[in-house]
Amino acid sequence: MTQIRPAKPSYKRFRKKKTQNPNRNHAVPMASLFQLLFLNQKRSLCTKLSTSKWKVKQVTASNFNESLNEIKTHISSSDFIAISMEKTGSSSTTPWHRVQPFDTAETAYLKASQSAQRFQLLQFAVCPFSVTDSNSIVAHPYNFLLFPRDDLKMGMPAYSFLCQTSHLASMARQGFDFNTCIYEGISYLSRAQESIAKVRLGTGSPSLGVMKSSSPPTVADTVFIERIRSRVKHWRNTCKNSGTNKSKHEEIIDSLRNIVLGSEQFKSRPCLNIDVCSERQVQLILQMLPDFSDHFVSLVIPSKSGTTQAVRVVLANSREDKELLEKELQSLEDEEIKKFRGFREVIDLISASQKPVISHNCLNDCTLIHSKFIAPLPSEVDDFVSSLCKFFPKVLDVNYLMKKSGTMKKTTNIRNALSYLNTHFFAPVDMEVPDQDTDTVNKGKIDGLDALRLSYLFMKLCSILKISPIVAAFDNRRLALELEDFTFHPSSANIQESSCNEDVTVWTNNTRKINCEHLVFLWGFKFGMTAGMLKDALRESNDIFSEEFDVRFIDKSCTVVVFWQPGLSNDLLNIMNSEEISGGLKELVSDGLRVTGYETYRRMCRLGLWEMNLAESLERALESSLSDEKIISERKSCEVQWCNDNVLILDDL
């Protein structure tokens with residue numbers, strides 16, 4: 001894609017000419033003055049982005065059900081859905097936990113995974129928005145307060161989670177209402193947790209369809225089905241004859257027969273519970289029931305172990321009564337499902353719409369969504385991407401779009417990105433936020449404005465890049481082809497590039513692709529040593545460092561060294577592990593210098609050794625007795641982005 005560079009102002013700087021009369025007034029040409037005024041006006045339009053009139057609907061447990069119907073309509077009619085999240089902590093407080101330029105797709109995913117699993121979501125902002133023909137947008141922002149309340153008394157959705165005091169203090173300064181979040185926050189269960197909850201509660205579900213077995217019935221199948229058929233027949237006859245005039249002796253016999261047969265009542269209708277030992281028996285029973293001309297409704301009753309415990313057969317009075325019972329059961333099931341899902345209803349609506357999702361931190365947001373609302377995160381990055389794309393086939397990363405288009409060199413968060421674009425580009429975007437019957441007015445608080453800002457930022461980028469984000473196709477609207485390359489797709493190749501944490505720069509002007517095998521990690525050097533000092537000491541220690549190499553601090557305890565000539569990293573590791581070490585390098589080692597290759601760093605991430613200092617984690621990985629030969633044998637050669645920054649900026653830590 002063509003690099004977009006800010007246009008230089010096309011006006012001249014006016015200076016007073018030297019004259020013989022210093023008191024003489026100098027006039028400025030009117031045309032030039034108009035040009036200056038117009039430029040200042042244009043700049044003011046770009047730099048001032050007022051959000052005081054923007055309203056975001058605040059949703060808690062008290063108004064969740066009514067808001068669910070509203071957002072369902074807005075999602076259905078939207079073109080895009082912007083999302084933004086707030087959690088109890090982030091990886092920004094520990095520098096090396098953030099995605100670094102030398103991270104592969106695998107290690108970047110492992111870092112995002114550990115953050116998603118440790119911290120808890122407290123806020124999820126959703127902003128469905130549509131793009132009009134005039135490239136303006138109509139947005140409907142919602143802000144959902146979440147809290148993992150154990151409503152079902154099953155230890156779900158979360159037993160415990162971590163909080164970072166600095167992160168919570170920052171949220172409090174910006175006005176986040178923790179009391180409302182805890183007392184009125186909306187709970188939820190993931191898809192995996194919902195399945196577990198249904199099994200534990202033993203919720204029966206109607207069997208609407210029966211899959212016929214391709215294998216022929218065995219002798220045991222035939223004996224079983226005939227026995228069940230006879231039992232159902234006797235039970236049905238007993239039910240039909242129960243209304244006739246009988247003597248007390250006959251009524252006692254019928255009662256005993258019902259006890260033996262297992263007859264009960266289900267919603268004022270007779271029912272029969274048939275215990276089963278396997279799913280095969282369930283299938284045989286459900287295939288046999290249509291042979292009767294009666295109006296049977298079958299229910300599958302699960303056991304606590306996850307298998308089917310019994311099949312409940314309910315006898316309806318008529319065809320109309322059967323349809324009424326099925327509708328009633330479906331309605332009860334839908335109400336029960338809502339108790340399980342909670343806020344996940346919103347996630348399911350977004351997934352079902354198949355609309356493109358706009359994110360500012362694609363990898364972090366996607367791992368959070370998968371972990372909290374779908375299932376536990378897979379151990380492999382490719383499995384994660386494949387699983388995610390089944391539910392969210394198009395997730396657009398705005399950070400990745402800004403990086404590749406060249407509109408920005410550095411960004412930390414949505415507000416900084418907007419400020420940069422407003423001061424460097426003239427691309428006005430009209431935004432309409434219809435009143436959503438809410439009295440909540442934004443006053444600089446954390447109330448879901450970031451999702452609304454993100455939709456504005458995305459549209460502004462499209463305007464700068466001359467991209468119409470939505471195009472018409474066969475009476476439908478689809479994503480523009482220019483944006484397809486920035487979507488999260490089932491390939492881990494672009495994960496590292498498309499992932500960027502808010503408070504760190506992951507690219508510079510001089511990025512180069514290198515193989516991760518060219519990197520080594522160094523620690524144990526003298527305290528207070530700078531990158532330049534360490535580089536000079538290494539250059540004087542051994543001839544290996546006579547070739548071109550770079551040093552970069554990862555945190556205060558550890559550096560990464562990149563060799564631009566292949567093979568030198570392995571030579572260094574071999575020398576460090578041999579008895580031939582001598583000279584200045586030997587002195588550095590005697591002072592405590594330690595070196596290891598990229599494979600140790602990769603294994604450290606897989607083992608989850610997330611110490612505060614990277615040096616401690618690498619030491620633990622080296623000392624660990626856990627071998628991972630399978631991982632090493634299956635490892636493919638890969639390239640990483642290297643940023644030529646050899647100075648540690650303490651402000652970024």
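Gly 532 sits in helix α19, in what is a predicted model. With a relative accessibility of 39%, Gly 532 counts as partly exposed. Its C-alpha atom lies 8.0 Å from that of Val 551, a residue 19 positions away along the chain. From there, here's a quick tour of the rest.

**Just after α19**
- Asn 542 belongs to the loop that links α19 (531-541) to β18 (549-555).
- The side chain of Asn 542 gets to 3.0 Å from the backbone nitrogen of Ile 544.
- Leaving aside residues up to four places away in sequence, Asn 542 touches Ile 575 and Leu 585.

**The whole chain**
- The protein chain has 653 residues, and 50% of them count as buried.
- Its secondary structure adds up to 24 helices and 21 strands.
- Take the contacts in the chain with a separation of 6 or more: 79% of them join residues 24 or more positions apart.
- About 34100 Å² of the protein chain is exposed, and 50% of that comes from carbon and sulfur atoms.

**Strand β17 and its partners**
- How many of the five residues of strand β17 (residues 519-523) are buried? Five of the five are, so the strand is largely enclosed by the rest of the structure.
- Leu 519, Phe 521 and Trp 523 point one way from β17, while Val 520 and Leu 522 point the other way, and all are buried.
- One partner of β17 is strand β19 (residues 558-563), with an antiparallel pairing over five bridges.
- Within that pairing, Phe 521 has Val 560 of β19 as its bridge partner.
- Strand β20 (residues 594-597) also pairs with β17 in the antiparallel sense, this time over four bridges.
- Here Trp 523 stands opposite Arg 594 of β20.

**Helix α22**
- Helix α22 covers residues 598-607, and seven of its 10 residues are buried, leaving the helix mostly covered.
- The buried residues in α22 are Tyr 598, Thr 600, Tyr 601, Arg 602, Arg 603, Met 604 and Cys 605.
- Right behind α22 comes Gly 608, which has a positive phi near 75°.

**Helix α15**
- In helix α15 (residues 414-424), the buried residues are Ile 414, Ala 417, Leu 418, Leu 421 and Asn 422.
- Why do they end up on the same side of α15? They cover an arc of only 130° around the axis, which puts them there.
- At the start of α15, Asn 413 brings a side-chain oxygen to within 3.2 Å of the backbone nitrogen of Arg 415.

**Cysteines**
- How many disulfides does the structure hold? The count is zero.
- For Cys 389, the closest cysteine sulfur is in Cys 366, and at 8.1 Å from the sulfur of Cys 389 it is too far for a bond. The cut-off for a disulfide is a pair of sulfur atoms within 2.5 Å.
- Is Cys 389 buried or exposed? Its relative accessibility is 14%, so Cys 389 counts as buried.
- Cys 277, on the other hand, is exposed, with a relative accessible area of 73%.

Technical notes: Residues numbered from 1 in each chain as written. Predicted model: local features only at pLDDT ≥ 70, side-chain atom pairs only at ≥ 80, totals over all residues. Heavy atoms only, no water. Helix = DSSP H or I, 4+ residues; strand = E, 2+ residues; numbered from the N terminus. Buried < 20%, exposed > 50% of the residue type's maximum accessible area, 1.4 Å probe, protein only. Contact = heavy atoms within 4.5 Å. Areas by Shrake-Rupley, 256 points an atom, 1.4 Å probe, with all protein chains shown as cover. Pairing = 2+ DSSP bridges. Arc of directions from axis to C-beta. Polar contact = N/O pair within 3.5 Å; in protein donor to acceptor, adjacent residues only side chain to side chain.
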